[in-house]
Amino acid sequence: MFNPFSLEGKTIIVTGASSGIGRQCAIDCSRMGAKVAIIGRNEERLNETLNQMEGEKHLKVIFDLTSTDSIKTIVTDIVSKLGQINGLVCCAGISNILPLKLMSVEQQEHFFRTNVFSTIELTRQVLSIKNVSKDGASVIFFSSIMGVVGENAKSLYSMTKGALISASHSLAVEYAKKKIRVNCISPGVVVTPINAGQPYISDPDKRALLEAKHPLGLGQTSDISNACIYLLSDASRWITGQNIVVDGGYTIQ
Ligand SMILES: NC(=O)c1ccc[n+]([C@@H]2O[C@H](COP(=O)([O-])OP(=O)(O)OC[C@H]3O[C@@H](n4cnc5c(N)ncnc54)[C@H](OP(=O)(O)O)[C@@H]3O)[C@@H](O)[C@H]2O)c1
C-alpha cells in the first residue's frame with residue numbers, strides 16, 4: 001500500500017518518552033514501523049510507554065539529559081544496539097511561569113541546560129559520522145508557541161524555546177549537504193503533566209479563557225505526534241529549517 005509517511009526500517013530516538021507528547025511520539029513511531037530508543041528519567045513511566053508500543057526491537061534508556069558529559073556514551077550504546085540513527089525527536093523539556101523579578105541566574109542556567117544545551121549536545125553526538133545513517137536523518141527540536149509569541153511571566157521558557165528555533169535555521173543549512181534535515185515543532189496547549197497543575201488548566205474560568213485563544217480548542221498529544229511522523233518520514237524530504245506551528249490557530253489571531 002502507498003504510504004509516504006511510513007517509518008519502516010528507520011531507527012529513531014525520542015526524548016521525553018516517559019510522558020505526554022514524547023510518549024505519544026514514541027508509540028506512534030513504533031506503529032509506523034520504526035525501531036525506537038526511548039529516553040526519560042522515570043523508569044516506571046518509560047515501561048508504561050514501552051508496553052503501549054508496537055514491535056519488539058525498542059530500547060529503553062533511563063537518563064537525565066542534563067548530564068551532558070555522558071550523552072556521547074548513551075548515543076554510542078543506542079547505535080550499537082539498534083543501528084545507525086535516521087531520526088531524533090528532542091521532546092524532553094520543562095516549563096514554568098515566572099515573573100522576571102523572581103528569576104535567578106541559577107534558574108536560567110537550569111532551564112537552558114534542560115531545554116537547550118541537552119538538545120544541542122544530543123544532536124551533536126547523534127550527527128557524528130559513525131552514528132547517523134548514510135541515507136541522512138531528520139532532527140526535530142521541540143519549541144512552543146511561546147518561542148514565537150509572548151505571554152505574561154513566560155520569558156524564561158520563551159527564551160529557551162526561541163533559542164531552539166534559531167539554532168534549527170543555521171543547523172539546517174550546515175547539515176543539508178549530508179541530507180540531514182533540522183526542523184522545529186511548536187505546539188499550542190496540549191494538557192499533559194507539564195501543565196496539568198497550572199491554574200490556567202486546573203481553574204475552570206482560566207481554562208475557558210485559554211480555550212477561547214485556541215480557535216480549534218486545546219490539542220491532543222496525537223495532533224503533535226502526527227506532525228512528528230510527517231517530519232521523520234521521507235514525505236518531508238524537502239523541508240528543513242522550518243518551525244511547524246501546531247496550535248489550533250492560537251498564533252493567527
Ligand atoms: N504540553 C504542551 O502544552 C506543550 C506546549 C508547547 C510545547 N511543549 C513542549 O513539548 C515537549 C513535551 O512536553 P509535554 O507536554 O509532553 O511534557 P511532560 O508530559 O511534562 O513531559 C516532559 C518530558 O521531559 C522529560 N524530561 C524533563 N527533564 C528531563 C531531563 N533532565 N532528562 C531527561 N528527560 C527529561 C520528562 O522525563 P521524566 O518524567 O522521565 O523525568 C518527560 O518525559 C516539551 O519540550 C514542552 O516544552 C508542550
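This report walks through a ligand site, one helix and two buried residues in a predicted model.

## Around the ligand

Let's start with the ligand, which has 31 residues around it. Those that come nearest are Ser18, Ser19, Arg41, Tyr157 and Thr192. Sorted by class, the shell holds 13 nonpolar, 14 polar and four charged residues.

Several polar atoms of the protein sit by oxygen atoms of the ligand. Ser19 places a polar side-chain atom 2.5 Å from one such oxygen, and Asn195 has a polar side-chain atom 3.2 Å from a ligand oxygen. Cys91 takes part through its backbone instead: an N or O atom there lies 3.0 Å from an oxygen atom of the ligand. On its own the ligand would expose 900 Å², and the protein buries 94% of that area. If you are browsing the shell by secondary structure, H1 and helix H5 (155–175) are the elements that contribute two or more residues to it.

## Helix H8 and its cover

Helix H8 is made of twelve residues, 221–232. From first C-alpha to last it reaches 17 Å, close to the 16 Å expected at 1.5 Å a residue.

Much of interest here is on the buried side. The buried residues of H8 are Thr221, Ile224, Ser225, Ala227, Cys228, Ile229, Leu231 and Leu232. Their cover includes helix H1 (20–31) along with strands E1 (11–15), E4 (87–90), E5 (137–142), E6 (180–187) and E7 (243–246). Helix H1 therefore turns up twice in this report, since it also gives two or more residues to the ligand shell.

## Ser138, in a covering strand

Ser138 lies in strand E5, one of the strands that cover the buried residues of H8. How buried or exposed is Ser138? Its relative accessible area is 2%, so Ser138 counts as buried.

Setting aside neighbours within four places in sequence, Ser138 is in contact with Asn86, Gly87, Leu88, Arg181, Leu231 and Leu232. Two of these partners, Leu231 and Leu232, are themselves buried residues of H8.

## Thr114, in helix H4

Our last stop is Thr114, in helix H4 (residues 105–126). Thr114 has a relative accessibility of 14%, which means that it is buried, as the cut-off is under 20%.

Which residues does Thr114 touch, not counting those up to four places away in sequence? They are Thr66 and Ile94. Ile94 is 20 residues from Thr114 in sequence, and their C-alpha atoms are 7.1 Å apart in space. Within helix H4, the side chain of Thr114 also reaches the backbone oxygen of His110, at 2.9 Å.

Methods: Residues numbered from 1 in each chain as written. Predicted model: local features only at pLDDT ≥ 70, side-chain atom pairs only at ≥ 80, totals over all residues. Heavy atoms only, no water. Helix = DSSP H or I, 4+ residues; strand = E, 2+ residues; numbered from the N terminus. Expected span 1.5 Å × (residues − 1). Buried < 20%, exposed > 50% of the residue type's maximum accessible area, 1.4 Å probe, protein only. Contact = heavy atoms within 4.5 Å. Near = heavy atom within 4 Å. Polar contact = N/O pair within 3.5 Å; in protein donor to acceptor, adjacent residues only side chain to side chain. Areas by Shrake-Rupley, 256 points an atom, 1.4 Å probe, with all protein chains shown as cover. Nonpolar A, V, L, I, M, F, W, Y, C, P; charged D, E, K, R; others polar.
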